[in-house]
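Work through the exercises below with the model open. Each task is followed by a stepwise solution.

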Amino acid sequence: MIETNNLKKTFGKVTAVDGLSFAARDGAITTVLGGNGAGKTTAFRMIAGLIKPDAGYVLIDGADVARERVKAVSQLGLLHDEFGLYPRLTAREHLAFAGALHGLGGRRLRDAVERTIELLDLSALAARRTVGFSNGERMKVALARTLVHRPKNLILDEPTRGLDVYATRVLRDVLRRLKAEGVCVVLSSHAMAEVAELSDHVVIISQGRVRAEGAPGEITARERAADLEAAFVALTTETSMQRSVA
Amino acid sequence: MRAIAILTKELKDSLRDRKTVVSGLMFGLMGPIAVFYIIVIIAGAQRMDATAPVALCRLAEAPSLLAHLADAGIEIVENAEICLEIPQDFEARLANGDAARVGVRGDLTRPGPALATLEREIRSFSGERAAQRLIARGVAPSVMTAVTVDAQNINPVSGLANTFGAIVVIFFVMAPFVVAGGMAADVTAGERERRSLEFLLATPARAAEIVLGKFLAVSVFNLAGTALCVVIGLLILDRSALPALGVRLDASPLTILLVVTWLAPLSMLVAAIEVAVGFWSKSFKDAQNALMMFMLVPMGIGYASLSLSGPVGPWPVLWETRALAGPLFGSTAPAAAFVVTASIELGLAAALLMLAAQRLKSPHILGRA
């Protein structure tokens with residue numbers, strides 16, 4: 001379970017995250033929705049302990065990221081949109097490296113690597129260096145690397161960006177499987193139809209603050225909108241206009 | 001443990017990168033070959049100049065002078081780059097006790113020994129004739145010489161040999177600065193540019209462990225490359241014409257071991273600087289440019305040290321440029337204790353690594369390159 005409590009972060013005069021609080025349950029997919037610059041990536045980086053919040057805190061399975069970083073991130077996997085693979089390493093070597101960084105070694109590491117290769121159907125790619133991989137193949141390797149240590153919490157920052165329909169389906173299937181296994185999945189996406197279909201809980205943020213949260217159907221009904229996209233536009237446009245007037 | 005995982009991954013990754021391997025080996029392989037050929041060319045030119053013949057440009061009778069020059073080993077031929085002009089009245093003026101002029105024509109800017117030998121032998125011939133004239137007039141030749149200069153060369157090697165010795169030392173000191181620059185830029189700024197740093201920072205690995213792993217990888221590559229450069233360099237230069245230039249190079253296994261050991265702390269300091277510079281650079285290109293400029297440091301300090309006399313202190317690079325002459329040439333140049341210099345270099349390396357670790361904790365490190 002991931003809990004953020006009153007997170008704040010400013011860069012110079014720009015407030016990226018302004019009192020962000022939400023909780024993501026185990027065995028559920030929580031989607032953070034927000035326009036460009038809404039503060040999603042900054043929030044995810046604070047959750048993963050990559051940057052320190054100016055105020056507030058993050059708990060991962062009860063461990064404070066700022067105080068117990070190693071314990072907290074040991075239960076976390078982070079996948080960002082550009083994947084960040086090493087072109088001269090094979091897919092299997094990527095998994096072995098990630099596993100070693102999470103403290104796995106020897107037989108445990110080998111088993112973890114083979115299990116993850118099986119989970120993501122990576123056998124055909126496992127021995128190949130990642131240079132020249134398609135975007136979908138790169139995503140699969142990056143996701144496998146994120147899962148090799150079997151984290152109980154998973155964060156995916158715009159994972160479907162640049163993916164074709166086949167790769168997106170693979171990702172969707174994996175996320176459903178992880179949810180069924182009780183993993184807490186938090187993702188950000190701009191594909192509203194997919195968010196509505198996949199998400200158990202949606203957190204809409206704008207200008208670094210939560211504007212609405214709940215199940216996709218609840219938010220749509222609350223805003224009396226035709227669909228989630230219309231509700232999202234209504235919520236975030238209203239906020240922008242209020243800020244402009246102020 | 002995590003630092004070891006990073007070290008292993010970086011070495012595997014870098015050894016698969018042809019550019020990194022080639023740029024690392026290029027200096028070690030091509031550098032000694034280039035120095036070898038420069039030495040061959042200069043030694044050849046020295047040999048040719050030392051036995052350069054002299055031509056008689058104006059035909060004249062000067063049997064006594066020519067005999068003196070022949071005794072001194074100077075060969076007189078029809079065409080040569082150095083030309084001796086003897087006037088028609090040369091012998092007559094000598095016989096009358098007058099002063100005779102001879103001309104020497106040639107490229108006087110060439111610093112070779114042939115011209116100097118010719119001039120010295122003509123002065124010697126002149127001195128002998130003057131002494132004979134004085135004796136004939138009942139005057140002791142010593143009357144004409146109030147002070148004589150007794151110059152003795154206490155340096156067993158020539159100035160040219162000294163210069164070549166310094167070039168060889170600077171070449172070895174440069175190795176750690178050249179070998180792993182490309183690799184260091186790739187594992188730091190390259191990591192940031194390919195957006196894999198975010199993955200690394202999101203693992204339980206601490207910033208200090210990441211920096212240590214990368215530093216160890218660059219250090220291993222740097223030490224191996226430097227050792228290879230020293231071994232290949234000494235093997236090639238040992239077979240060059242250095243002895244003809246008066247340079248006696250010791251290429252024994254003990255010398256190789258000493259040189260590599262003495263360069264090891266400097267290699268680690270350089271690796272730490274490269275890692276720190278890499279993490280502070282905005283892009284791979286920026287890091288490469290900065291590290292390329294950094295390669296000029298040992299060259300500048302090395303050549304500046306040639307003009308310094310006396311002890312130089314335990315300062316990085318400066319100490320090595322002096323100390324390496326010991327095992328390589330049996331020189332007695334003063335050198336501070338290796339332990340002091342190594343402590344300074346390793347202390348500086350540790351400080352730089354701490355700075356690099358701090359940099360990894362900054363939110364700016366995740367900004368777009």
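**Exercise 1. Place A:Asp121 and decide whether it is buried, partly exposed or exposed.**

Solution. The model is a predicted one.
Step 1: locate the residue. A:Asp121 sits in the loop between α4 (106-119) and α5 of chain A.
Step 2: count neighbours. A:Asp121 has 13 C-beta neighbours inside 10 Å.
Step 3: apply the cut-offs. Buried needs 20 or more, and exposed needs 12 or fewer. A:Asp121 therefore counts as partly exposed.
Step 4: take a distance. A:Val183 is 62 residues from A:Asp121 along the chain, and their C-alpha atoms are separated by 19 Å.

**Exercise 2. Find the residues other than glycine with positive phi in the loop after α5 of chain A and in the loop before α13 of chain B, and classify their burial.**

Solution.
Step 1: chain A. A:Arg150 has a positive phi of about 55° and is not a glycine. A:Arg150 lies in the loop between α5 (135-147) and β7 (153-157) of chain A.
Step 2: its environment. A:Arg150 has 17 other C-beta atoms within 10 Å, so A:Arg150 is partly exposed.
Step 3: chain B. B:Val317 has a positive phi near 75°. The loop that holds B:Val317 runs between α12 (296-306) and α13 (318-323) of chain B.
Step 4: its environment. B:Val317 has 25 C-beta neighbours inside 10 Å and therefore counts as buried.

**Exercise 3. Give the strand order of the four-stranded open sheet in chain A, and say which helix packs on this sheet.**

Solution.
Step 1: write the order. The sheet of chain A reads β2-β1-β4-β5, with antiparallel pairing.
Step 2: name the edges. These are β2 (14-24) and β5 (63-64) of chain A, each paired on one side only.
Step 3: look at one pair. β1 (residues 2-11) and β4 (residues 55-60) of chain A run antiparallel and are joined by five bridges. A:Asn5 has A:Tyr57 in β4(A) as its bridge partner.
Step 4: add the helix. α1 (residues 40-47) of chain A packs on the sheet and touches β1, β2 and β4 of chain A. The direction of α1 makes about 120° with that of β1(A).

**Exercise 4. Describe the side of chain A that touches chain B, then explain why α3(A) is called largely enclosed.**

Solution.
Step 1: count residues. On chain A, 21 residues are in contact with 18 residues of chain B.
Step 2: assign elements. α2 (69-74) and α3 (91-101) of chain A are the elements that give two or more residues to this side. α3(A) gives the largest share, four residues.
Step 3: sort by type. The chain A side holds 13 nonpolar, five polar and three charged residues.
Step 4: test burial. Ten of the eleven residues of α3(A) are buried, so α3(A) is largely enclosed by the rest of the structure. Among them are A:Arg92, A:His94 and A:Phe97.
Step 5: find the cover. The cover over the buried residues of α3(A) includes α4 and α5 of chain A, together with α1 (2-15) of chain B.
Step 6: check what follows. After α3(A) comes A:Gly103, with a positive phi near 90°.

**Exercise 5. Characterise the fold of chain B and its nonpolar cores.**

Solution.
Step 1: count elements. Chain B has 15 helices and four strands.
Step 2: divide the chain. Domain 1 spans 2-44 + 159-366, and domain 2 spans 55-144. The C-alpha centres of domain 1 and domain 2 of chain B lie 55 Å apart.
Step 3: check burial and contact range. Of the 369 residues in chain B, 37% are buried. Among chain B contacts with a separation of 6 or more, 80% join residues 24 or more positions apart.
Step 4: find the largest core. The largest nonpolar core has 152 residues, and those with the most contacts inside it include B:Phe172, B:Val218 and B:Ala272. α10 (residues 253-280) of chain B gives the most to this core, with 15 residues.
Step 5: follow one member. Beyond its neighbours within four places in sequence, B:Ala272 is in contact with B:Phe215, B:Ala349, B:Leu352 and B:Leu353.
Step 6: find the other core. A second, separate core of twelve residues includes B:Leu65, B:Ile74, B:Ile82 and B:Ala114.

How values were computed:
Residues numbered from 1 in each chain as written. Chains lettered and ligands numbered in written order. Predicted model: local features only at pLDDT ≥ 70, side-chain atom pairs only at ≥ 80, totals over all residues. Contact = placed C-beta atoms within 7 Å. Pairing = 2+ DSSP bridges. Axes fitted to C-alpha atoms, helices over the stretch in contact; angles between N-to-C directions. Nonpolar A, V, L, I, M, F, W, Y, C, P; charged D, E, K, R; others polar. Domains from an automatic or database assignment. Core = buried A, V, L, I, M, F, W, Y, C linked by C-beta atoms within 7 Å.
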